[in-house]
Amino acid sequence: MKIGLVCPYNIFKGGGVQECVLAMQTELTKRGHEVYIITPTPRDYPKDYSPKILLLGSSTDFKSPFHTTAQISVSVNTDQLQTALDKHTFDIMHYHEPWVPILGRQILTRSKVKNIATFHAKLPDTAMSRTIERVITPYTKSILKYLDSLTAVSDAAAEYIQSLTNRHIEIVPNGIDLSTYKTLPATSSKTILYIGRLEKRKGLKFLLKAYRQLSEVDHSVRLQIAGDGPDKEKLEELVRNWQLKNVDFLGFVSSTEKLKLIQNAAVFCSPARYGESFGIVLLEAMACGVPIVAGDNPGYVSVLKERGQIGLVDPKDTDDFVRKLSLLINDEELRNIWKSWSIDYVKQFSYKNVVDKYEELYQAIRS
């Protein structure tokens, strides 16, 4: 099949949707399909990019209700778009986050092939998000009639779109390339690791509160915080004001550095309170056999099932947060049980299995 994967964000800049689209392209290509990524033209991009990436229109920065900034499509040259569709006779068009303006809708209204959508995000339950929902709902409703199949990465991600339609939404989780990850012998470090955006919804203030209490009784623990974001200075100021020891702000880290940090951590901690629809970084920690303490938001709950539930915590409950961190750092028997469970459990999220499900859907809507 010839497949077009439509990504509304800057494909050259890291992000969960972009990683998913790139991984799908790689896996589908291995299976003999011809796969193109269609994405807005970012302001800055490598000049030697793959010919299997089609850049259309222009993009601009947009601050989302998650307090993150993404580059999304703001204009599309319709003649350029039609020329691209005429040149590439696709069998399937697969739209990731089709509710994000405007490229997806522009293609949908011109597509003469089967169209499938995947919804990734969950809007946080805030007044601002409810306002945004009211604004985007007419736009989102207008695209549903063009879609032959609806999918979401989790029940949390399906929640918004399910409120607009009675149609079935197939849950196809995000995945990871398991060949990238490996487990290391048990570490003697007591390092708690966070990787992600430094922003309010990620709950880092509550992690620092728990770390302050834990470090008062265990001076050997340390905290590594990797990533950047609007709250970086506030968090660094908290560390100074609370006189916390052994806290390192590492800034942005590469994929290689991220993997090394995870493998050498005693516990991976992601205390996000809301706005998570899945949690790829949790899969990465599981694939390395590293215990997890994570916020009990709907997206993370959809990933941490079975024994993984022991790592879920209300980040605002500092005492319980400290108990979970201490237990998973110090109880060697529990750590071994987690490791054995997690590296087996995470296999279901291999991109091979994820793409198997999408291939089945492609064939179903074409038949």
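In which helix does L214 lie? In this predicted model, L214 belongs to helix α6, which spans residues 204-217. The residue is buried, because its relative accessible area of 3% falls under the 20% limit. Its surroundings can be described through its contacts beyond the neighbours within four places in sequence: L214 touches I192, V221, V322, L325, S326 and I329. A further relation links distant parts of the sequence, since the C-alpha atoms of L214 and D319 are 9.3 Å apart, although 105 residues separate the two in sequence.

One of these contacts, I192, leads from the helix to a sheet. I192 stands opposite V267 of strand β13. Strand β10, residues 191-195, and strand β13, residues 267-270, run parallel and are joined by 2 bridges. Both strands are part of an open sheet of 6 strands with parallel pairing, in which the order is β12-β11-β10-β13-β14-β15. At the edges of this sheet are β12 (247-251) and β15 (312-313), each of which pairs on one side only.

Another parallel arrangement is centred on strand β7. Of the 6 residues in β7 (residues 114-119), 5 are buried, and the strand is therefore largely enclosed by the rest of the structure. The chain reaches β7 from β6 by way of helix α3 (residues 103-108), and this β-α-β crossover is right-handed. Strand β6, comprising residues 92-96, runs parallel to β7 and is joined to it by 5 bridges. Within this pairing, I92 is found opposite K114 of β7. Strand β7 also pairs with strand β8 (residues 149-152), again in the parallel sense, over 4 bridges. Here I116 has S149 in β8 as its bridge partner. As a general point, side chains in a regular strand alternate between the two faces of the sheet.

The last site to consider is a loop residue. T41 is placed in the loop between β2 (34-40) and β3 (53-56). Is T41 buried or exposed? Its relative accessibility is 18%, and T41 therefore counts as buried, the limit being under 20%. The side chain of T41 also has a polar partner: one of its polar atoms lies 2.8 Å from the backbone oxygen of G57. Thus a loop position, T41, and a helix position, L214, are both buried, at 18% for T41 and 3% for L214.

Key:
Residues numbered from 1 in each chain as written. Predicted model: local features only at pLDDT ≥ 70, side-chain atom pairs only at ≥ 80, totals over all residues. Heavy atoms only, no water. Pairing = 2+ DSSP bridges. Buried < 20%, exposed > 50% of the residue type's maximum accessible area, 1.4 Å probe, protein only. Polar contact = N/O pair within 3.5 Å; in protein donor to acceptor, adjacent residues only side chain to side chain. Right-handed = clockwise from strand over helix to strand, strands pointing away. Contact = heavy atoms within 4.5 Å.
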